[in-house]
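Me: I'd like a close look at one part of this model, with the surroundings filled in afterwards. Here it is.

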Amino acid sequence: MLINQKILNEEFVLRNAEVQDTAQMEYVQSQCYPTLSGGEILKKHHFENHIKLFQQGQFVIEDQKKNIIATTSTFLCHFPTHDHTFLEATDNLWLTKSHEKDGDWMYGIDMGVLPLYRGKGLSKELYKARQEMCKMLEIKGQITVGMTIGYGKFRNQLSIEEYCEKLKNDELTDPTVSAQRKAGFVWIRPIFNYLTDPEAGNASILMYYPLSDKPKPNNFQHEYTHIKSN
Ligand SMILES: CC(C)(COP(=O)(O)OP(=O)(O)OC[C@H]1O[C@@H](n2cnc3c(N)ncnc32)[C@H](O)[C@@H]1OP(=O)(O)O)[C@@H](O)C(=O)NCCC(=O)NCCS
């Protein structure tokens with residue numbers, strides 16, 4: 001049960017990642033996170049482990065010359081009950097201890113589109129494919145923690161807390177968080193010191209994208225109430 005489909009007028013192929021893609025996945029990652037600390041960047045051997053653990057949750061897009069131009073990595077878990085850092089959530093990027101085979105949410109840990117290919121709707125296609133996979137796996141939907149990468153431009157005027165508040169109220173847009181909200185993600189709350197990237201003010205926004213609007217299970221109520229009260 002893997003995904004392999006032509007997208008955007010058949011210009012690109014979106015499919016689950018294979019081990020032979022991992023060197024190019026490392027390259028895409030290096031181009032997409034230029035200000036993230038080195039210890040938080042995914043490398044070839046991490047991608048290999050992710051594919052071994054949960055190939056259905058690892059995706060790439062290739063162009064007509066079969067070059068990988070976009071990637072995204074995920075794992076399965078139960079809805080997080082407390083705040084965590086990126087390295088805690090990802091078992092120091094390996095996912096070995098993070099991935100719960102019986103998890104009912106798909107947690108996205110990265111999404112990268114090479115700069116030349118941005119603005120074409122490729123990240124939307126990847127989020128859509130992740131949602132299709134959630135349906136196939138009969139789980140509840142996706143979680144992501146989106147980097148507030150646009151903060152750098154405002155760091156002399158706003159604290160990271162103020163930036164997040166303005167973003168939540170749509171008084172600002174952010175290259176990453178706005179793209180994720182447009183793809184369907186719903187704001188839950190910021191997590192400060194989630195990772196180490198001065199451009200992002202070290203913060204990220206916890207968001208979710210449920211498959212259904214049905215009442216959430218009990219362990220979700222806290223987050224759901226929080227969203228409602230915003
Ligand atoms: C974030 C990222 C994945 C978006 O990829 P993309 O393929 O260019 O995004 P899309 O073309 O699918 O755009 C989706 C929506 O977001 C909007 N968007 C994209 N870039 C944006 C920006 N810089 N500012 C505001 N909105 C933006 C698009 O307009 C589009 O909305 P629309 O449907 O109303 O037109 C890409 O910029 C990237 O790789 N960034 C660096 C890595 C990163 O931050 N990843 C996320 C980590 S959590």
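How many bridges join strand β6 to strand β8, and do they run parallel or antiparallel?

Reply: This is a predicted model, so read everything below as computed from its coordinates. Strand β6 (residues 141-147) and strand β8 (residues 204-210) are joined by seven bridges, and the two run antiparallel. To get the register, start from Gly141, which stands opposite Pro210 in β8. As background, strands of a sheet pair through backbone hydrogen bonds, either parallel or antiparallel.

Now zoom out to the sheet. The β6/β8 pair sits in an open sheet of eight strands, with the order β1-β2-β3-β4-β5-β6-β8-β7 and mixed pairing. At the edges you find β1 (4-7) and β7 (186-191), each of which pairs on one side only. From one strand to the next, the twist averages 25°.

The far end of that order starts with a hairpin. β1 and β2 pair in the antiparallel sense over four bridges, and Lys6 has Val13 in β2 as its bridge partner. Four residues lie between the strands of this hairpin, where Leu8 takes a positive phi near 50°. β2 is also joined to strand β3 (residues 59-62), again antiparallel, by four bridges; here Asn16 has Phe59 in β3 as its bridge partner.

Just past that strand comes Ala17, in the loop between β2 (12-16) and α1 (22-32). Ala17 counts as buried because it has 23 C-beta neighbours inside 10 Å. Leaving out residues up to four places away in sequence, Ala17 touches Met25, Phe47, Ile51, Gln55, Gln58, Phe59, Val60 and Thr71. Take Gln55 from that list: it is 38 residues from Ala17 along the chain, yet their C-alpha atoms are separated by 6.7 Å.

Two of those contacts, Phe47 and Ile51, lead into helix α2 (residues 44-54), where His46, Phe47, His50, Ile51 and Phe54 are buried. These five cover an arc of only 135° around the axis, which puts them on the same side of α2. The face turned away from that buried side carries the exposed residues His45 and Lys52. Over the buried residues of α2, the cover includes α1 and β4 (68-77).

Back to the end of the sheet you asked about. Helix α5 (residues 160-168) has Tyr163, Cys164 and Leu167 as its buried residues. Seen down the axis of α5, they fall within an arc of 95°, so they line one face of the helix. What they pack against is α6, β7 and β8, which brings in one strand of your pair. Just after α5, Asp170 takes a positive phi of about 60°.

Then comes Leu172, in the loop between α5 and α6. Leu172 is buried, since it has 20 other C-beta atoms within 10 Å, and the cut-off for buried is 20 or more. Not counting residues up to four places away in sequence, Leu172 touches Tyr163, Lys166 and Leu167. Gly150 is 22 residues from Leu172 along the chain, and their C-alpha atoms are separated by 9.4 Å.

The loop between β7 and β8 is worth a look for its backbone angles. Most residues other than glycine have a negative phi, and most peptide bonds are trans. Asn193, placed in this loop, has phi near 60°, a positive value in a residue other than glycine. Asn202 is in the loop between β7 and β8 too, and has a positive phi of about 65° although it is not a glycine. Asn193 is partly exposed, with 13 other C-beta atoms within 10 Å. Asn202 is also partly exposed, with 19 other C-beta atoms within 10 Å.

Finally, the ligand, where β6 shows up again. 22 residues surround the ligand, and the closest are Arg118, Ser123, Pro175, Thr176 and Ala179. β5 (105-113), α4 (122-137), β6 and α6 (177-183) each supply at least two residues of this shell. β5 gives the most, with four residues. By class, the shell has nine nonpolar, eight polar and five charged residues. So, for your pair, β6 supplies residues to the shell around the ligand, while β8 is among the elements that the buried residues of α5 pack against.

Definitions and conventions
Residues numbered from 1 in each chain as written. Predicted model: local features only at pLDDT ≥ 70, side-chain atom pairs only at ≥ 80, totals over all residues. Pairing = 2+ DSSP bridges. Axes fitted to C-alpha atoms, helices over the stretch in contact; angles between N-to-C directions. Buried ≥ 20, exposed ≤ 12 C-beta atoms within 10 Å, placed from the backbone. Contact = placed C-beta atoms within 7 Å. Near = placed C-beta within 6 Å. Nonpolar A, V, L, I, M, F, W, Y, C, P; charged D, E, K, R; others polar. Arc of directions from axis to C-beta.
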